Structure formats: structure tokens, C-alpha cells
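Q: Could you walk me through this structure? I have not looked at it before.

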Amino acid sequence: GDPAVVSVPRKSAGVVMEAIPTIDATRKLYRVVFDRVAGGTLLARGESATGALHSAIRLATVAVCAELVGGMQWVLGTTVEYAKTREQFGRVIGSFQAVQHHCADMLYKLESARCATYYAAWAVSVDDPGAERAVSVAKAYCSDAAREVGNLGIQVHGGIGFTWEHDLHLFYRRAKSNEILFGDARFHRDRIAAMAIDGGMSREVT
């Protein structure tokens, strides 16, 4: 039948929630199974339901991008502060050019991700015709950038970056989890390519 959006109370008979093991222990994920659930409130049906689900996923994708940007900001700030105080060979490690390059790369990736996310959020908020592409561009870039910023942060921190005593690994795990949430970079690059092909065909026809 037609797709529908239905609100079902969590404790309704027939609703089963199963915990899913994830790399990010700070955010629990569950698989929800509906087995002959009675009741619930119909919110939308047919095209309205499809549109509502699509809109919700698009907004959630932008929100994940914003969370990835926030995580990158924390990793960069923490890494820079660590580089200012950690000493090796009688010098703070921030004075070494290789460490400076790492921090500069992190800043570049962070600000690029921030710009892509801001633009996607604006495009969605005004229902811009290019919103779909903007969201996919943001998610593709943020997915890769957050992982790379996390890698660089761990490299600058050295051994302590791998330990439970430091919070860096928590942000890296969240970045890895968010990397695939609502589509990883490859998924969204494929979407961008498909939109470009469809757009090109449409222009040729007209």
C-alpha cells in the first residue's frame, strides 16, 4: 500500500527495541521492530508521507554535518593547546614545523566543512533548488574531513591520544560513527554525480 508516517508509543505491544553494538559508546543505537502493532496516530500518507520522510532525513543529515563540525572544532582546539604545552627534545612540540603543518591542515578542513555545512543549512531553510546537492556536498566533505582531522589530532597527541584517559578517542569514535550516518562520503558523491548527469541531460533536452 501507500507509505505512511505513524506515531507509535514506545511501550506499545508489538514494539521491540534491540540494542546495536557501535564504535561510539556515548550514543546508543537501537533496531526497532514492529510486530503487529495496534493503534498509533496516522500523521501522513502517500506522497505527503514520502515528502515528510525525505525532509526529515535531509534535515537530520545537515544536523549530523553540524555535529561533525563541532567535533572538529574541539579536536583542533584541544590539539593546539596540547602542542603549546607538550615538550620534546627541550622544545614545545608546537614549534616543530611538521606539527604546525598538521594543525594548519586541521584548520583548513574544519573551516571548509563549516562553510559547506552553513551553505547546506541555508539552502534547506529557504528550500533552494540546489538544496539536495548542497546537503550531499556537505555530508561528503564533512564525513572525510572529520575522520582526517581526528587522525591528525591523534598524531599530534601521540600515545596519549589512544588512551582511555584522554577524551580525544571519544570524538574520533563519534566522527567515525557519523561518517556513515545518513550516507558516507562515497554515497553522497555518487548522488552528486547522478544529479549532475540528470541536470546535464535536462539542459540538453531543453
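A: The following exchange goes through some features of this structure. Please keep in mind that this is a predicted model.

Q: Let's start with the surface. Which residues make the nonpolar patch?
A: Met 17, Tyr 30, Val 32 and Phe 34 make a nonpolar surface patch of about 390 Å².

Q: And which strand gives the largest share of the patch?
A: Strand S3, residues 29–34, contributes three residues, the largest share. Phe 34 has its place in this strand.

Q: Is Phe 34 buried or exposed?
A: Phe 34 counts as exposed, because its relative accessibility is 53% and the cut-off for exposed is over 50%.

Q: Staying with S3, what does Arg 31 pair with?
A: Arg 31 meets Glu 18 in a salt bridge, with 3.3 Å from N to O. Glu 18 lies in strand S2 (residues 15–20) and Arg 31 in strand S3, so the pair ties together parts that are 13 residues apart in sequence. Both side chains belong to partly exposed residues: Glu 18 has a relative accessible area of 34%, and Arg 31 is at 43% relative accessibility.

Q: How many salt bridges does the structure hold?
A: There are 15 salt bridges. One of them is formed by Glu 132 and Arg 191, whose closest N and O atoms are 2.9 Å apart. This pair links distant parts of the chain, as Glu 132 is in helix H3 and Arg 191 is in helix H5 (residues 185–205), 59 residues apart.

Q: Is Glu 132 buried or exposed?
A: Glu 132 counts as buried, because its relative accessibility of 18% is under the 20% cut-off. Arg 191, by contrast, is partly exposed, with a relative accessible area of 25%.

Q: Which residues are joined into one network by salt bridges?
A: Lys 109, Asp 144, Arg 147, Glu 148, Lys 176, Glu 179 and Arg 189 are joined through salt bridges that share partners. Within this group, Glu 148 bonds with Arg 147 in a salt bridge whose closest N and O atoms are 3.8 Å apart.

Q: New topic: helix H2. What should its span be?
A: Helix H2 (residues 97–125) has 29 residues, so at 1.5 Å a residue the expected span is 42 Å. Its end C-alpha atoms are 42 Å apart, in agreement with that value.

Q: What do the buried residues of H2 pack against?
A: They pack against helix H1 (47–85) and helix H3 (131–157). Among these buried residues are Val 99, Cys 103, Met 106, Leu 110 and Ala 113. Lys 109, a member of the salt-bridge network, is also buried.

Q: What follows H2?
A: H2 is followed by Asp 127, whose phi is positive, near 55°.

Q: Last topic, aromatic rings. How many aromatic pairs are there?
A: The count comes to two aromatic pairs. In one, the ring centres of Trp 74 and Phe 171 are 3.8 Å apart and the planes are at 5°, so the pair is stacked. It links distant parts of the chain: Trp 74 is in helix H1 and Phe 171 in helix H4 (residues 168–180), 97 residues apart.

Q: And what about Tyr 119 and Trp 122?
A: Tyr 119 and Trp 122 form a tilted pair, 5.5 Å centre to centre with 35° between the planes. They are three residues apart in helix H2, so about one helical turn separates them. Tyr 119 is partly exposed, with a relative accessible area of 43%, and Trp 122 also counts as partly exposed, at 41% relative accessibility.

Key:
Residues numbered from 1 in each chain as written. Predicted model: local features only at pLDDT ≥ 70, side-chain atom pairs only at ≥ 80, totals over all residues. Heavy atoms only, no water. Patch = residues over 30% accessible without salt bridge, like charges linked within 9 Å, V, L, I, M, F, W, Y side chains within 5 Å. Areas by Shrake-Rupley, 256 points an atom, 1.4 Å probe, with all protein chains shown as cover. Salt bridge = Lys/Arg side-chain N within 4 Å of Asp/Glu carboxyl O. Helix = DSSP H or I, 4+ residues; strand = E, 2+ residues; numbered from the N terminus. Buried < 20%, exposed > 50% of the residue type's maximum accessible area, 1.4 Å probe, protein only. Expected span 1.5 Å × (residues − 1). Contact = heavy atoms within 4.5 Å. Phe/Tyr/Trp six-rings, centres within 6.5 Å; stacked < 30°, edge-to-face > 60°.
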